[in-house]
Amino acid sequence: MNYIAIFLDETGKALSNDSSEQYINIQLGDFKDINQATNSARLLFDGDEIEQGVLWSRTGCGGMLITSEVNNIN
């Protein structure tokens with residue numbers, strides 16, 4: 001799956017461009033599962049996972065992993 005990291009401010013709110021209100025994000029790439037994507041994001045944010053898909057940095061900001069792909073559950 002292709003994962004994107006949305007940047008969060010010190011309050012946990014998604015950072016956005018003030019004029020267009022587009023969320024600030026970075027494409028992490030294609031990973032087998034969320035654990036692989038988390039490992040990549042952990043390096044990007046220089047932080048720790050505080051819950052699945054949410055990382056927090058020692059500098060007081062963080063990121064949330066998202067994907068647009070949906071798994072079919074039978």
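How many aromatic pairs does the count come to? The count comes to 2 aromatic pairs, in a predicted model of a chain whose secondary structure consists of 1 helix and 5 strands. Read from the N terminus, these elements follow one another as β-β-α-β-β-β, and the strands are arranged in an open sheet with the order β2-β1-β5-β4-β3 and antiparallel pairing.

**Overall dimensions**

- The chain has a radius of gyration of 13 Å, which agrees with the value near 11 Å for a compact globule, because that is the figure that goes with 74 residues.
- Taken along the principal axes, the C-alpha atoms fill a box of roughly 40 × 30 × 20 Å, and 27% of the 74 residues count as buried.
- Among the contacts with a separation of 6 or more, 45% are accounted for by residues 24 or more positions apart.

**The sheet and its hairpins**

- In the sheet with the order β2-β1-β5-β4-β3, the edge strands are β2 (25-30) and β3, each of which pairs on one side only, while the twist averages 30 degrees from one strand to the next.
- Strand β3 (residues 47-51) and strand β4 (residues 54-57) run antiparallel and are joined by 4 bridges; their hairpin has 2 residues between the strands, and Gly53 takes a positive phi near 85 degrees there.
- Along the pairing of β3 with β4, Asp48 stands opposite Trp56, Glu49 has Leu55 as its bridge partner, and Glu51 stands opposite Val54.
- Strand β4 also pairs with strand β5 (residues 62-66), in the antiparallel sense and over 3 bridges, and in β5 the bridge partner of Val54 is Met64.
- The hairpin that β4 and β5 form has 4 residues between the strands, and Gly60 in its turn has a positive phi of about 95 degrees.

**The helix and the nonpolar core**

- Helix α1 lies across β1, β2, β3, β4 and β5, and runs at about 155 degrees to β5.
- The largest nonpolar core has 9 residues, namely Tyr3, Ala5, Leu28, Phe31, Ala37, Ala41, Phe45, Leu55 and Leu65.
- The elements that give two or more residues to this core are β1 (2-8) and α1 (34-45), and the largest share, 3 residues, comes from α1.
- Leu55, one of the core residues, touches Thr38, Ala41, Arg42, Phe45, Asp48, Glu49, Gly62, Gly63 and Leu65, when residues up to four places away in sequence are not counted.
- Among these contacts of Leu55 are Ala41, Phe45 and Leu65, which also belong to the largest nonpolar core, and Glu49, which is the bridge partner of Leu55.

**An aromatic pair within the core**

- A pair of aromatic rings is described by the distance of the centres and the angle of the planes.
- Of the 2 aromatic pairs counted, one is formed by Tyr3 and Phe31, with 6.5 Å centre to centre and 55 degrees between the planes, and this pair is tilted.
- The pair links distant parts of the chain, since Tyr3 is in strand β1 and Phe31 is in the loop between β2 and α1, 28 residues apart.
- Tyr3 and Phe31 are both buried, and both are listed in the largest nonpolar core.

How values were computed. Residues are numbered from 1 along each chain as its sequence is written. This is a predicted model: local features need pLDDT of at least 70, side-chain atom pairs count only at pLDDT 80 or more; totals for chains, interfaces and linings use all residues. Side-chain values use heavy atoms; hydrogens and water are left out. A nonpolar core is a set of buried Ala, Val, Leu, Ile, Met, Phe, Trp, Tyr and Cys residues joined through side-chain atoms within 4.5 Å. Buried means under 20% relative accessible area, exposed over 50%, partly exposed in between (1.4 Å probe, protein chains only). Contact means heavy atoms within 4.5 Å. Two strands pair if DSSP finds at least two bridges between them. Axes are lines fitted to C-alpha atoms, for helices over the stretch in contact, and angles run from 0 to 180 degrees between N-to-C directions. Rings of Phe, Tyr and Trp (its six-membered ring) pair if their centres lie within 6.5 Å; planes under 30 degrees apart count as stacked, over 60 as edge-to-face and the rest as tilted. The radius of gyration is taken over C-alpha atoms; the globule rule is 2.2 Å times the number of residues to the power 0.38.
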